[in-house]
Amino acid sequence: MSLRQTQGSNIVMRRQNHSSTVEFILLRFSNYPELQDQMFGTFLVIYLVTVMGNAIIITIIFLDQSLHIPMYLFLQNLSLVDLCFSTVITPKMLVVLTSKKATISFGGCFAQMYFILFFGVTECFLLGAMAYDRFAAICHPLSYPMIMNKRVFMKLVMFSWVSGTMMSTLQTTWVFSFPYCDHKEINHLFCETPPVLELACADTFLFEVYAFTGTIFIVMVPFLLILLSYTRILFTILRMPSTTGRQKAFSTCASHLTSVTLFYGTASIIYLQPKSRYSPDTKKLMSLAYILLTPLLNPLIYSLRNKEMKRAVLKLWQRKVAFHTA
């Protein structure tokens, strides 16, 4: 056989190997099958509360003109991201938990990974922008309208969404360009990058270097900026003359930092240490922490403690009651 024929046959074999995986099998918590029914009920309740909470925030801010300021418009974008983030993952995960053999198509896995990365990266930068907005409002109240004008707000929001698009397109395309041969079993509940990458039958070293560097930029840099912003905010709060004002501000900052730490902390462990010593089941729980809990907690943390949001909800409810009684 000639050299050209040999090369041609090798290319065909590689293509066959690459295309042989038309679907993946999601192993779920296969070591604890008795817990999967309980998980279904818990995850369903979390998803419904998440959708309702974030949808209410989006609607109220849209309808109330007095809330059309950067702080609440950032919150509206965050709620939209959280709503979409949960919807991309949770419904399919509920189906997976109730199926005898949980499968996902190659294209479905690609789409799920793409949107997980897209909304995850967007949320990272949005949380950073929100922390900067609070820093400007609390530490520089007189110049805040100049610092956070409409143009700056639009740039920060657009940067967050465009960064999500770019990073998810590059990373997902690269992951699914690897051959997967006959490896089909993903040891996870959904298509997240680290467990899918473990199935690749090719050298993934360059991608892992890129992914590590990208995660440092996407996760750690915004997280450090958030910590610096809140550190400055706390020093400003300590100089406040009112004890009540200090307590309220401390409480709000602590709540925000709890949400941020939960999201960035678990995400950084998953993506900065994809081959860490943690067991597969521990990694699944970490993934669930930032995928389920963060979208659930954000509406509670950023809205229920906010008097303006409570006032807007009450006003909307009174308007609805008046309309029905008229």
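Is Leu225 buried or partly exposed? In this predicted model, Leu225 is partly exposed, with a relative accessible area of 48%, and the first of the close-up views below is built around this residue.

**View 1. Leu225 and the nonpolar surface patch.** Seven side chains are named here: Phe159, Phe212, Ile216, Phe217, Val221, Leu225 and Leu228 form a nonpolar patch on the surface, and together they present about 650 Å² of accessible area. Helix α8 supplies the largest share of this patch, namely six residues. Leu225 is found in helix α8, and Ile216 likewise has its place in helix α8. The relative accessibility of Ile216 is 33%, which puts this residue in the partly exposed class, as Leu225 is at 48%. Leu225 also has a neighbour from another stretch of the chain, since its C-alpha atom is separated by 6.7 Å from that of Gly128, although the two residues are 97 residues apart along the chain.

**View 2. Asp64 between Arg311 and Lys315.** Asp64, Arg311 and Lys315 are linked in a network of salt bridges, and the structure as a whole holds four salt bridges. The side chains of Arg311 and Asp64 meet at 3.7 Å, taken from N to O. Arg311 belongs to helix α11 (residues 307–325), whereas Asp64 sits in the loop between α2 (36–63) and α3 (70–98), so this pair ties together parts of the chain that are 247 residues apart in sequence. The salt bridge between Asp64 and Lys315 has an N to O distance of 3.6 Å. Because Lys315 also lies in helix α11 while Asp64 lies in the loop between α2 and α3, this second pair ties together parts that are 251 residues apart in sequence. As for accessibility, Asp64 counts as buried at 7%, whereas Arg311 is partly exposed with a relative accessible area of 32%, and Lys315 is partly exposed with 34%.

**View 3. A salt bridge inside helix α10.** The side chains of Lys284 and Asp281 meet in a salt bridge with an N to O distance of 3.3 Å. Both residues belong to helix α10 (residues 280–304), and, being three residues apart, they are separated by about one helical turn. Lys284 is buried, its relative accessible area being 1%, and Asp281 is buried as well, with a relative accessible area of 14%. Side chains of opposite charge can pair when their charged atoms come close.

**View 4. The disulfide between Cys109 and Cys191.** The sulfur atoms of Cys109 and Cys191 lie 2.0 Å apart and form a disulfide, one of two disulfides in the count for this model. The torsion about the S-S bond of Cys109 and Cys191 is about -115°, and the disulfide is therefore left-handed. The pair links distant parts of the chain, with Cys109 in helix α4 (residues 106–139) and Cys191 in the loop between β3 (185–186) and α7 (193–197), 82 residues apart. Cys109 counts as buried at 0% relative accessibility, and Cys191 counts as buried at 0% too.

**View 5. The disulfide between Cys181 and Cys201.** Cys181 is joined to Cys201 by a disulfide with an S to S distance of 1.9 Å. For Cys181 and Cys201 the torsion about the S-S bond is about 90°, so this disulfide is right-handed. Here too the pair links distant parts of the chain, Cys181 being in the loop between α6 (150–175) and β3, and Cys201 in the loop between α7 and α8 (205–238), 20 residues apart. At 28% relative accessibility, Cys201 counts as partly exposed. When the bonded cysteines are counted along the chain, the disulfides of the protein follow the pattern 1-3, 2-4.

**View 6. Cys84 and Cys124.** This last view concerns the accessibility of two further cysteines, Cys84 and Cys124. Cys84 counts as partly exposed, its relative accessibility being 24%, whereas Cys124 is buried, with a relative accessible area of 3%.

Notes:
Residues are numbered from 1 along each chain as its sequence is written. This is a predicted model: local features need pLDDT of at least 70, side-chain atom pairs count only at pLDDT 80 or more; totals for chains, interfaces and linings use all residues. Side-chain values use heavy atoms; hydrogens and water are left out. Helices (H or I, at least four residues) and strands (E, at least two) are DSSP runs, numbered from the N terminus. Buried means under 20% relative accessible area, exposed over 50%, partly exposed in between (1.4 Å probe, protein chains only). A disulfide is a pair of cysteine sulfur atoms within 2.5 Å. Patches are made of residues with over 30% relative accessible area and no salt bridge: like charges are joined within 9 Å, nonpolar side chains (Val, Leu, Ile, Met, Phe, Trp, Tyr) within 5 Å. Accessible areas come from the Shrake-Rupley method with a 1.4 Å probe; for residues, only the protein chains shown count as cover.
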